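Hi everyone, thanks for making time. I'd like to walk you through a structure that's new to most of you, so let's put it on the screen.

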Amino acid sequence: KYANNGGVRNEELQLAARRMQTLSLRNVNSTRLQLTECFSLVEISMHGVGQLHSVTLNAPLLLRAYFTQCKMLLSVHLDSTVLEELSCSGSRTLNVVEVVSTKLQVVNLYGCARISDSVMKGIVEPAQASLTKLDLDALEISALSLRSPNLEHLTLKGCSSLDRVSLTGASSLRDLDCRGCSQLRWVTVDRDCPQSSVRLQGKGVALRIN
């Protein structure tokens, strides 16, 4: 386990730790973070790292990755096929996220307004079958189409450009937040969706069976 609560000052911070299982960083003033050969790492947590621009991580067993409130973060590259949780909440400058996992269960991109449709799809679409919670609050995306039988919570609050949402096989859906989606009128679902038990929030937005 490695935790840094002080200051690290380098343009590029490189770490290679084969036995490290968790990594927590605060107040890192490096602009680039590169982690290689982290073969035992299962969790990385970075919060409020002000100067960081990019993260590149080679950790094949990584399960949880949190990059929250990183005010200057531009890109994240994660090489883990078993990643289950990803949060970049509040990292408003982020515009590139590359993950290779089909196991993602929780994805939180709250406030990541620079994430494009194509970047969002690259994260979400390979993991559709495993997703249980997806937060796309305030993203500037125009459309969302998912086939996610395990999805329980979907937040689209503040996606003001969103005008098309299609959910197929959403038999586990419980919460759908469409508040502030001013262009959205319908969320298209199929008969697998338990309409009567879905808590839908959003003025002027309704479920429609395809």
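Here's a warm-up: does R164 count as buried, exposed or partly exposed, and at what relative accessibility? With 48% relative accessibility, R164 counts as partly exposed. Before we go on, keep in mind that this is a predicted model.

Now, R164 has a partner. Its side chain meets that of D163 in a salt bridge, at 2.9 Å from N to O. D163 counts as partly exposed too, at 36% relative accessibility. In general, side chains of opposite charge can pair when their charged atoms come close.

So how many salt bridges turn up if you search the whole structure? The search finds six. Another one of them joins R32 to E12, where the closest N and O atoms are 3.7 Å apart. R32 sits in strand 4, residues 32–36, and E12 in strand 2, residues 12–16, so this pair ties together parts that are 20 residues apart in sequence. R32 is partly exposed, with a relative accessible area of 33%, and E12 is partly exposed as well, at 31%.

A third one is the pair R179 and D177, whose side chains meet at 2.7 Å, N to O. Look at the burial here: R179 counts as partly exposed at 36% relative accessibility, while D177 counts as buried at 8%.

Let's stay around there and bring in K157. You'll find K157 in the loop between strand 14 (153–155) and strand 15 (164–168). K157 is partly exposed, with a relative accessible area of 34%. And which residues is K157 in contact with, if we leave aside neighbours within four places in sequence? They are D137, A138, D177 and R179, so we meet both members of that last salt bridge again. As for D137, K157 is 20 residues away from it in sequence, but their C-alpha atoms are 4.8 Å apart in space.

D137 leads us to D135, which lies in strand 12, residues 133–135. What does the side chain of D135 reach? It reaches the backbone nitrogen of D137, at 2.9 Å. D135 is buried, yet it has no salt bridge. The nearest side chain of opposite charge belongs to K133, and that one is 6.5 Å away. A salt bridge here needs the atoms within 4 Å. Beyond its neighbours within four places in sequence, D135 is in contact with V107, N108, L109, Y110 and T155.

Okay, over to a strand. In a regular strand, the side chains alternate between the two faces of the sheet. You can follow that along strand 10, residues 96–99: V97 and V99 point to one face and are buried, whereas V96 and E98 point to the other and are not. Strand 10 pairs with strand 8, residues 75–79, in the parallel sense over four bridges. Within that pairing, L78 stands opposite V99.

Last stop, the nonpolar interior. The largest nonpolar core has 65 residues, and those touching the most other members are M46, F67, L86, I123, L156 and V187. Which helix gives the most to this core? That's helix 1, residues 117–124, with four residues. If you zoom in on V187, and skip residues up to four places away in sequence, you'll see it touch V165, L167, L176, C178, V205, A206, L207 and R208.

That's my tour, thanks for listening.

Definitions and conventions
Residues are numbered from 1 along each chain as its sequence is written. This is a predicted model: local features need pLDDT of at least 70, side-chain atom pairs count only at pLDDT 80 or more; totals for chains, interfaces and linings use all residues. Side-chain values use heavy atoms; hydrogens and water are left out. Helices (H or I, at least four residues) and strands (E, at least two) are DSSP runs, numbered from the N terminus. Buried means under 20% relative accessible area, exposed over 50%, partly exposed in between (1.4 Å probe, protein chains only). Lys and Arg count as positive and Asp and Glu as negative; His and the chain ends are not counted. A polar contact is a pair of N or O atoms within 3.5 Å; within protein, one must be able to donate a hydrogen and the other to accept it, and residues adjacent in sequence count only if both atoms are side-chain atoms. Contact means heavy atoms within 4.5 Å. Two strands pair if DSSP finds at least two bridges between them. A nonpolar core is a set of buried Ala, Val, Leu, Ile, Met, Phe, Trp, Tyr and Cys residues joined through side-chain atoms within 4.5 Å.
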